[in-house]
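Welcome! Please take a moment with the sequence and the structure below, and then let us walk through them together.

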Amino acid sequence: MQRRLAFVVLVLGGLLFLPTSLLAQSQFNGQARDESGAVLPGVTVEAASPVLIEKVKTAVTDDQGRYAIVDLRPGTYKVTFALTGFASVVRDAVELPANFIATINVEMKVGALEETVIVTGQTPLVDVSQASRTQVVTRDVLDTLPTTRHIFSVSNMLPGIRFVTPDIGGSRQMEQTNPRGHGVSGAQAQEAIDGMSTASQESNIVWTYVNDSLVQEVSITTAAQPAEVQAGSMRMNIIPKDGGNVFSGSVFLGGSDGSWQASNIDDYLRSQNITRGNGIAHIQTFNASLGGPVARNRLWFFLTARHASTDEVVANVGETIVTPQGEQLKSTIDQYIRDALGRLTWQMAEKHKLAAFFNRTWKRKGKDFGAGSDPRAGSYRDPRTGHYAVGQIKYTSTLTSRWLLEAGYSSPINHITIDNEPGISLPRYLASGAVNPAWVANARRTDSANNINPRCAIAIGCRAWVSNGQDQRTIATGHRTVGAASYVTGSHMLKVGIDRSFGWARVYTERQADLVQNYTNNRATSVTVFSTPGARDVYVNHDLGYYAQDSWHLKRLTLNLGLRVDNFQSMYEASANPAGRFVPARYFPERRNIPNWNNDFAPRLSFGYDVFGNGRTAVKGSWSKYYERLTGGFANNYAPGVQSESRNWSDCDLVAGTSTCSSIVLPTNGDDIAQLNEIGPSGTTNFGLTVGDRDMDPNIQRQGNQEITITGSHQLFPRVSITAGWYHRTFQDIQITDRTLIATGDYTSFITPMPDVSRDPEAAAAIDTSQPLTAYNLVPAKRSVFNTALVDKNLHDQSIYSGVDVSFQARLIAGSTLFGSWTTERNLSVFCSSNDNPNGPPLADLYTGASVSAGGRYCDQRQFDVPFVHEFKLAGNYPVPHVGLDVGVILQSYAGLARTITYQPAAGVFPGGARTNTETIILNEPGSLYYPRYNQLDLNFKKNFRFGTKSFSGQIDFFNVLNGNAIFARQDTVGNALGDVTTILQGRLTRLAFQMRF
């Protein structure tokens, strides 16, 4: 029966594919010798722990005296070595974290079987086998330190990892925080639960909102990913709770109120036109969980539910405002997440285990708007029309002590409706069938400066107002499957596997007026027109990878030789779209093989060297090739659903076919509504009618990057270790969009004075305003083909990262911990291949997302003095003896991000006022201007009580204790708002919390 079951599972493992591997596994390995130093084959090694539903796992040393016990859950273990004729050796209370290979070597003495040598509390701290840069954050650390109970924020404590926006006390718990590190942007960061990916199938890769009570440990790998993993960015693997043989549970209640947040607005910020900083109106977190046995050692369950809410206050906007019409308007970003999760772990038979969970999430955003935006121009997300869920099932079988089989399935579901605020969206047509004039007037407006007008509710003016413009429904469902087999001896481990994801992302988009009206310093300049309404149906046929990872122990050296082969194919389905303001009704047939990439080889080569053979000092290195993780986003570039382009607009009647105002005086001139007769010509004759204006080069390759790491780790003391590492990353086959009918020679240059930037003294110090500015204007004859024949291709552009991390970890007396790091890094962008626009328009770099120049005078950052930047982190806790009080602290210090000042010359600046396109020019050199460094100190005090089997704790947390007010964002476009502060570090926040465990 067991052979038949094993055969079925083996076949299943060949059929089930998942894009990420099962990295929840930890293992023990090592070597057994006798007193003379001779190796001991045949030693039985047992690892026992209450965290294992099967209670114990065994292995036998091979002919080299080596053993390996794999597929272990994190926890505390008792490891026993037994061989006839020798005294048994027991290593007790060994702490095994997630995704860690703990090396335990033993020396066995001749003796009777009943003799036992017991060694307690010696836990290995250095993984001498794996080059992967991994750090584990345990449940105890999560509960003791002043964390936000937001799973994304865990990675922020690790070397080289950083968020775009800091999380103050849970202020970002509603959002994707996009942690980035070691040269890779947050868009490629990966989240997994029990080793299986939870990423959605949307065009952008979205993480799952994880209930904190589910988390037992978090293992985060930031470099040298093995062949099982596709992308080379940070990977967070959440080790979930299983339940156990004893009923247990917890309740957490915590929160803060806006009145508990200190103001950190000083005279300087007031001089920069910020009267109130961004902050919170309230934060609430309620968590409850229960787990235990359905049948002891056979079937365990775990249940949890959560309500988390963060109402945000936008800078310069109060919690309520009064509109020019006298309406009192609630103006906070009010939002919550609610979810419920159930998990089962079933020991089907002695060697077969099955684990599964399902999580359902409801998310609400009553308003979603940013600094400078009218609250009524935000978006609205109703939980009744949002369906978020993720379900997983995972099977493992230890057929023998040497064979491990795995198979799994995961399905994330993201069904989202994001609308304008209720009452804002107006119907496109009147009852008569005519276009609704009020709908035309309801277009979203944007300005580079604060625009004071009757339709803006903010007294100091708006930079976005009237409407959000877009109503959108997204239905994204992914399917992911995996199969893997591992053969393990003490000296050798071979793992082969195959993983696959597939699924669809369907998006329907409607828009008010089918355009956005754009202003510069309160003057109409352009409109962005859209081919709405439109549906975009994208399907990923497969994201398929198969891999082999081979590890060999050669005395003190461990070689890890891996190869992954990636394949990707997607398409868009046929769609029929109704007529819009700028397009007629259209039908588009399906298109397959966009792209069809096969056999992209990704070697993963690494080594670990145990310098002294005692498992305390290791030198490790790696060379890895990775390919970009993709969903439906690639096919979206060519799908016909919604297209957009910029056209000139000056709110006056135009001479037909030009952007020049006519002499005709019409009542609609200057009425702040973009009429069809006021909009300049298109950059293509086929706008919205075909999908042929943008295509991919038939020889386009999948974008990838190569990473080199060299690290050293040393266990200084029994519970203290240090690590230093060097990291280098370069990108290959970077993709850009080439305007094949446009070249540098299609522009005429002209000289204009540098614009006045004195409004922003920091910008003025970085820009030599005495030097004239050379700008370029597209020749009018090329305007009609500007957005035609666009081709995505690979060019020899480059993103080059270099960085060094130095970190330490210490498990000190009385259960206290301390860990910290220093990181210095630099990323250089070289985007000089494009000849489409000599103005060098801004493009987001591949690491921080800062604006860099695509072409133009600043395209090669290697030619400028771009400095290395530094970050420091320190975290720890201390249980005060005899009083039941825990003290926790987290300190973070980051260099400010680069600032890029841009300039959009008005039409009158161009010779004869004949501006062909709106141009954006970068004014300051790379490396010349940065936001200030910011420091964040968080502190908490936690008092613990115990009554019988129940423990209670009350705590008070202080986030941003020093009440820092570092600036994160300013207006960087030249104009009347240049330099205005839009986002600062939130002020000191106090949180109270209560927790009960049993």
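Does Cys859 count as buried, partly exposed or exposed? At 12% relative accessibility, Cys859 falls under the 20% cut-off, so this cysteine counts as buried. Keep that residue in mind, as we will come back to its partner shortly.

Before going further, a word on what you are looking at. This is a predicted model, and its pLDDT averages 90 over the protein, with 97% of the residues scoring at least 70. One stretch calls for more care: over residues 1-24 the pLDDT is below 50. In the model, that stretch has 81 contacts beyond near neighbours in sequence.

Now back to the cysteines. The structure holds three disulfides, and Cys859 belongs to one of them, joined to Cys832 with an S to S distance of 2.0 Å. The angle about this S-S bond is 100°, and the link is right-handed. This pair ties together distant parts of the chain, 27 residues apart. Cys832 sits in the loop between strand E49 (817-830) and strand E50 (842-844), while Cys859 lies in the loop between strand E51 (851-853) and strand E52 (869-880). Unlike its buried partner, Cys832 has 32% relative accessibility, so it counts as partly exposed.

Another disulfide joins Cys652 to Cys661, with 1.8 Å from S to S. Here the torsion about the S-S bond is about -70°, so the disulfide is left-handed. Its two ends also fall into separate classes of exposure: Cys652 is buried, with a relative accessible area of 10%, whereas Cys661 counts as partly exposed at 40%.

The remaining pair is Cys456 and Cys462, whose sulfur atoms are 2.0 Å apart. Both of these cysteines are buried. The torsion about their S-S bond is about 80°, so this disulfide is right-handed. If you number the bonded cysteines of the protein in sequence order, the pairing reads 1-2, 3-4, 5-6.

Let us turn next to a sheet. Five strands form an open sheet in the order E10-E15-E16-E13-E14, and the pairing is mixed. Which strands stand at its edges? They are strand E10 (133-138) and strand E14 (196-197); each has a single partner strand, so one side of each is left without a neighbour in the sheet. Further in, strand E15 (residues 215-223) and strand E16 (residues 235-240) pair in the antiparallel sense over six bridges. To find one of the places where they meet, look at Ile220, whose bridge partner in E16 is Met236.

Met236 also leads us to the largest nonpolar core. In soluble globular proteins, nonpolar side chains tend to be buried together. The core here has 28 residues, of which Ile151, Val154, Val218 and Met236 touch the most other members. Helix H2 (139-144), E15 and E16 are the elements that give two or more residues to this core, and E15 gives the most, with three residues.

Val154 is a good place to end the tour. What does Val154 contact, leaving aside its neighbours within four places in sequence? The residues in contact with it are Val137, Leu142, Val218 and Ile220. Two of these names should be familiar by now: Val218 was listed with Val154 among the core residues that touch the most other members, and Ile220 is the bridge partner of Met236.

Conventions. Residues are numbered from 1 along each chain as its sequence is written. Side-chain values use heavy atoms; hydrogens and water are left out. Two strands pair if DSSP finds at least two bridges between them. Helices (H or I, at least four residues) and strands (E, at least two) are DSSP runs, numbered from the N terminus. A disulfide is a pair of cysteine sulfur atoms within 2.5 Å. Buried means under 20% relative accessible area, exposed over 50%, partly exposed in between (1.4 Å probe, protein chains only). pLDDT is the predictor's confidence in each residue, from 0 to 100. Contact means heavy atoms within 4.5 Å. A nonpolar core is a set of buried Ala, Val, Leu, Ile, Met, Phe, Trp, Tyr and Cys residues joined through side-chain atoms within 4.5 Å.
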